[in-house]
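This note is for a colleague who is opening the structure below without having seen it before. The points run from the overall build to single residues.

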Amino acid sequence: PKVVTIWEGFGEWFGRAGIEVDYLLFSNYERLVDAHLAGVVHLAWNSPLAWLRTRLAAEAQGREATTVVMRDTDQDLTSVVLVRSDDSAEQVGDLYGRTVGTGALDSPQATLVPLGHLAAEGLDPMADISVRRFDVLVGKHGDHVGGERDAVTALLAGEVDAACIADSSHLLFARDGSLPIGATRVLSRTAPYDHCVLTALDDVEPEVLDAVSEVLLAMSFGDPEARRLLELEGLTEWRRGRDTGFDALEAAV
């Protein structure tokens, strides 16, 4: 429900800067990507997986997709592989032949990136372990953390031997009490990666993108009105978009 509040607020913010915008809400990222490529929307707030899908589809059409801005909280994230504290596993290889819980099929942070990490560490997710996915709201690309919460619940209940979740979810679950302190430990951690990004295609004039970027980049957390919107959207400052933090996800895909 807060999504409507967020984009109504940002719409008003852009309007005061002389940029008239409207927003469309989609039930899943695949629909958003298709609409973006069809020219229905000019800018898309993409998950990392949706960004990759947009970029690759654009390249296949001889077009170019670019990143516009990102939240500071979407840069240099990590995911963790958790085991119970009393588990004997000391390294990734010790999970051979065991069951690993993940988030939804399309979750970059709780499925794709961590399973890619396990593969890079020599543990083939397709052969060396049994992967139990918690497919909550497929199409939302794991943004809801529901699958991660289910994976942790299964880990605590002994139904899986390890659970892959975002480091931010690890902290969240510890704070809200769903992951008791001392009950689990981090077996392994992925390399840093980037997450959501505002995306444009080459049908938007550079001066328009510059104007949009400058409005967002100028938002100050010290401004009470701006802070309300920034807090709703989960950031302290906007940063210029970059496309360098998606290699791990692309390799996993």
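1. Helices and strands are here DSSP runs, with at least four residues for a helix (H or I) and at least two for a strand (E), numbered from the N terminus. The model is a predicted one. By that count the protein has 9 helices and 10 strands.

2. Does the overall size agree or disagree with a compact globule? For 253 residues such a globule would have a radius of gyration near 18 Å, and the protein has 19 Å, which agrees. The C-alpha trace spans about 60 × 45 × 25 Å along the principal axes.

3. Of the 253 residues, 47% count as buried. The exposed surface of the protein comes to about 12,100 Å², with carbon and sulfur atoms supplying 52% of it. Among contacts with a separation of 6 or more, 75% are between residues 24 or more positions apart.

4. On charge, the protein carries 21 positive and 42 negative charges, and the mean positions of these two sets are 5 Å apart.

5. Two residues deserve a look for their backbone. Most residues other than glycine have a negative phi. Aspartate 76, in the loop between β3 (69–71) and β4 (79–84), has instead a positive phi, near 60°. Histidine 141 also has a positive phi, about 55°, without being a glycine. Histidine 141 sits in the loop between β6 (130–133) and α5 (146–156). Is histidine 141 buried or exposed? Its relative accessibility is 0%, so histidine 141 counts as buried, the cut-off being under 20%.

6. In soluble globular proteins, nonpolar side chains tend to be buried together. Here the largest nonpolar core has 22 residues, of which Phe10, Leu198, Leu216, Met219 and Trp238 touch the most other members. Two or more residues of this core come from each of α1 (2–16), β9 (197–201), α7 (206–217) and α8 (224–233). A second core, separate from this one, has 20 residues, including Leu37, Trp51, Phe246 and Leu249.

7. Leucine 198 shows how one core member is surrounded. Beyond its neighbours within four places in sequence, leucine 198 is in contact with Leu43, Ala44, Trp45, Thr66, Thr67, Val68, Val69, Val212 and Leu216.

8. Threonine 54 is part of helix α3 (residues 48–60). With a relative accessibility of 0%, threonine 54 counts as buried. Setting aside neighbours within four places in sequence, its contacts are Val33, His36, Leu37, Asn46, Ala65, Thr199 and Leu201.

9. Buried residues also occur in loops. Alanine 89, between β4 and β5 (99–102), is buried with a relative accessible area of 1%. Residues up to four places away aside, alanine 89 touches Asp94, Leu95, Arg98, Arg185 and Leu187. Its C-alpha atom is separated by 9.4 Å from that of aspartate 161, which is 72 residues apart from it along the chain.

10. Leucine 123 lies in the loop between α4 (108–120) and β6, and is buried at 3% relative accessible area. Which residues surround leucine 123, leaving aside neighbours within four places in sequence? They are Val92, Gly93, Leu95, Tyr96, Leu118, Asp128 and Ile129, each in contact with leucine 123. From C-alpha to C-alpha, leucine 123 and aspartate 94 are 9.3 Å apart, with their positions 29 residues apart in sequence numbering.

Methods. Residues are numbered from 1 along each chain as its sequence is written. This is a predicted model: local features need pLDDT of at least 70, side-chain atom pairs count only at pLDDT 80 or more; totals for chains, interfaces and linings use all residues. Side-chain values use heavy atoms; hydrogens and water are left out. The radius of gyration is taken over C-alpha atoms; the globule rule is 2.2 Å times the number of residues to the power 0.38. Buried means under 20% relative accessible area, exposed over 50%, partly exposed in between (1.4 Å probe, protein chains only). Contact means heavy atoms within 4.5 Å. Accessible areas come from the Shrake-Rupley method with a 1.4 Å probe; for residues, only the protein chains shown count as cover. Lys and Arg count as positive and Asp and Glu as negative; His and the chain ends are not counted. The place of a charge is taken as NZ of Lys, CZ of Arg, CG of Asp or CD of Glu. A nonpolar core is a set of buried Ala, Val, Leu, Ile, Met, Phe, Trp, Tyr and Cys residues joined through side-chain atoms within 4.5 Å.
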